[in-house]
Amino acid sequence: ALKDNTIIIVLGASGDLAKKKTYPALFGLYRMGFLPRDVKIVGYARTKMDDAEYHKRITSYLKVPEDDQDGQARIQEFKSFTFYVSGGYEDGPSFEKLNSFLLDIESKYQSKQAHRLFYLALPPSVFIPVAQHLKEQCYSTTGKNRIIVEKPFGKDLDSCRVLLSSLKQHWSEDETFRIDHYLGKEMVKNILVLRFANIAMSAPWDKNSISNVQITFKEPFGTEGRGGYFDEFGIIRDILQNHLLQVLSILTMERPVSFSAEDIRDEKVKVLRAIPPIERSDTLLGQYVAANGKPGYLDDDTVPPNSVCPTYAATTLWIHNPRWEGVPFILKAGKALNEAKVEVRIQFKDVTQGIFKDISRNELVIRIQPSEAVYLKLNTKTPGLNTRAIPTEMDLTYKRRFTEAKIPEAYEALILDALRGDHSNFVRDDELDVAWKIFTPILHWIDGKSGPSPKPVPYPYGSRGPKELESFIGKYGYKRTVPE
Ligand code: BG6
């Protein structure tokens, strides 16, 4: 672990990711006492500014209320060890300058050994030159070096392979930490414990008991201002191929031999390899249109006119192994919907008919956000002098059960893991390869590389998604709870 004498270098320090996630997470870790002793943080970006201007920006990123005196004091401390260096992403001399800056800081450390953690909060177009320059000009010769990279990891199987192999020329797998921030979320991490620490969960966890599974991502806002990026990628690359597929692999993998990073990831890769590429007929695509006073996707100035980019997708995946054969896994994600919610919904099969009629199925719901919860829908006898069954819930809502707990932000958990050198919650190269194999054919179809692109169905901004959704999930055997 990088416990002391560490510099964290944030490349792309003035960008959106650094502002929304990286700096708040670094500050959160600092407040909780989890940053290495003597840590220094160096922001790097093209914008020319001095430390004072940079400190002003950081303060605005951290969003600590004015009246939080402790928080304000901690910001002052935080600023005292953060610095800024400006420079280009593709020229050697800029990185030479960065390196001299780092050496200068390190010369003041007591120990000769100093570590560097590079965080690339950068657009994909500069990943490769930056990774190369960092290796050539800024690689610490006295301590450990680590590099954190963020998606997009390519646009399809081929481009991902090119990107990975270019990065590998400079950085070993052991030094590389590929973020999928869903792996840092508390409830995603909880899946392993729920499954493998409870016989009551692991026993019915297969095709004999489970009818269908839905993994759902809903966001109540559109692409507002981010349309340029989004249109190039679409909802499948933005959410399904990475975040939701990661959740799926943890839900369905076999029990790992241990909780070591390699044992866990071996099992994830194994189950993903049993999933064939998605069929067009198992796919529903949508695009939001203006409604409720909100603009449609095509009304966004940064989106090309007539774009057929999907902002909503539901796709069904099948796992060909003895545990899961025949169980549909429906991944669905959409922008500009009626609510913010990410959840896993596991629907069990019908009980044997005969003694009960019209009885609801059991469902286990893992709510990832907001308001973390696990609840199980159970049928219970209606209390009183009758024997009718009534659908109820066994409810583990975190806010009620763990009243004191502070649930960490995904980025806090992941940056800490990277400092500790734990790869369990980072994406291994072969995981990406199989993930792209599953999604590449359907993406090429959508991109118009195998005939005309499909036209997404319209859905109103603020709605539950395309009206076709109900029959889509019905087709895979999902049954609504019987109304009381
Ligand atoms: C990002 C996507 O990876 O995840 C965004 O690019 C999306 O489009 C975000 O909004 C959602 O993350 P979270 O943590 O808010 O669920």
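A polar contact is a pair of N or O atoms within 3.5 Å; within protein, one must be able to donate a hydrogen and the other to accept it, and residues adjacent in sequence count only if both atoms are side-chain atoms. This is a predicted model, where local features need pLDDT of at least 70 and side-chain atom pairs count only at pLDDT 80 or more, while totals for chains, interfaces and linings use all residues. Residues are numbered from 1 along each chain as its sequence is written, and side-chain values use heavy atoms, with hydrogens and water left out.

**Exercise 1. Find which residues surround the ligand, and look at the polar contacts of His181, Lys185 and Glu219.**

Step 1. Start with the neighbours, counting a residue as near if one of its heavy atoms lies within 4 Å. Around the ligand you will find Lys151, His181, Tyr182, Lys185, Phe217, Glu219, Arg226, Asp238, His243, Lys335 and Gln369.

Step 2. Now go to the oxygen atoms of the ligand. A polar side-chain atom of Glu219 is 2.5 Å from one ligand oxygen atom. For Lys185, a polar side-chain atom lies 2.6 Å from an oxygen atom of the ligand, and for His181 a side-chain N or O atom is 2.8 Å from a ligand oxygen.

Step 3. Taken alone, the ligand exposes 400 Å², and the protein buries 79% of that. Such areas come from the Shrake-Rupley method with a 1.4 Å probe; for residues, only the protein chains shown count as cover.

**Exercise 2. Trace the open sheet of six strands and say which strands stand at its edges.**

Step 1. Strands (E, at least two residues) and helices (H or I, at least four) are DSSP runs numbered from the N terminus. Two strands pair if DSSP finds at least two bridges between them.

Step 2. Follow the order S3-S2-S1-S4-S5-S6, where the pairing is parallel. Strand S3 (82-86) and strand S6 (176-179) are the edges; each has a single partner strand, so one side of each has no neighbour in the sheet.

Step 3. Zoom in on strand S5 (residues 145-150), which runs parallel to S6 and is joined to it by four bridges. Val149 stands opposite Arg178 in S6.

Step 4. Continue past S5: Pro152 is in the loop between S5 and helix H6 (157-168). The peptide bond from Lys151 to Pro152 is cis, with omega near 10°. Lys151 is also one of the residues around the ligand.

**Exercise 3. Do the same for the open sheet of nine strands, then find a helix that lies across S12 and S13.**

Step 1. The order is S14-S13-S12-S11-S7-S10-S9-S8-S15, with mixed pairing. At the edges stand strand S14 (389-397) and strand S15 (457-460), each with a single partner strand, so one side of each is left without a neighbour in the sheet.

Step 2. Strand S13 (residues 373-381) pairs with S14 in the antiparallel sense over nine bridges. Here Thr380 has Ile390 in S14 as its bridge partner.

Step 3. Look at the loop between S12 and S13, where Pro370 lies. The peptide bond from Gln369 to Pro370 is cis, with omega near -10°. Gln369 is another of the residues around the ligand.

Step 4. Helix H7 (residues 186-196) lies across strand S12 (363-369) and S13, running at about 145° to S12. Contact means heavy atoms within 4.5 Å, and angles run from 0 to 180 degrees between N-to-C directions of axes fitted to C-alpha atoms, for helices over the stretch in contact.
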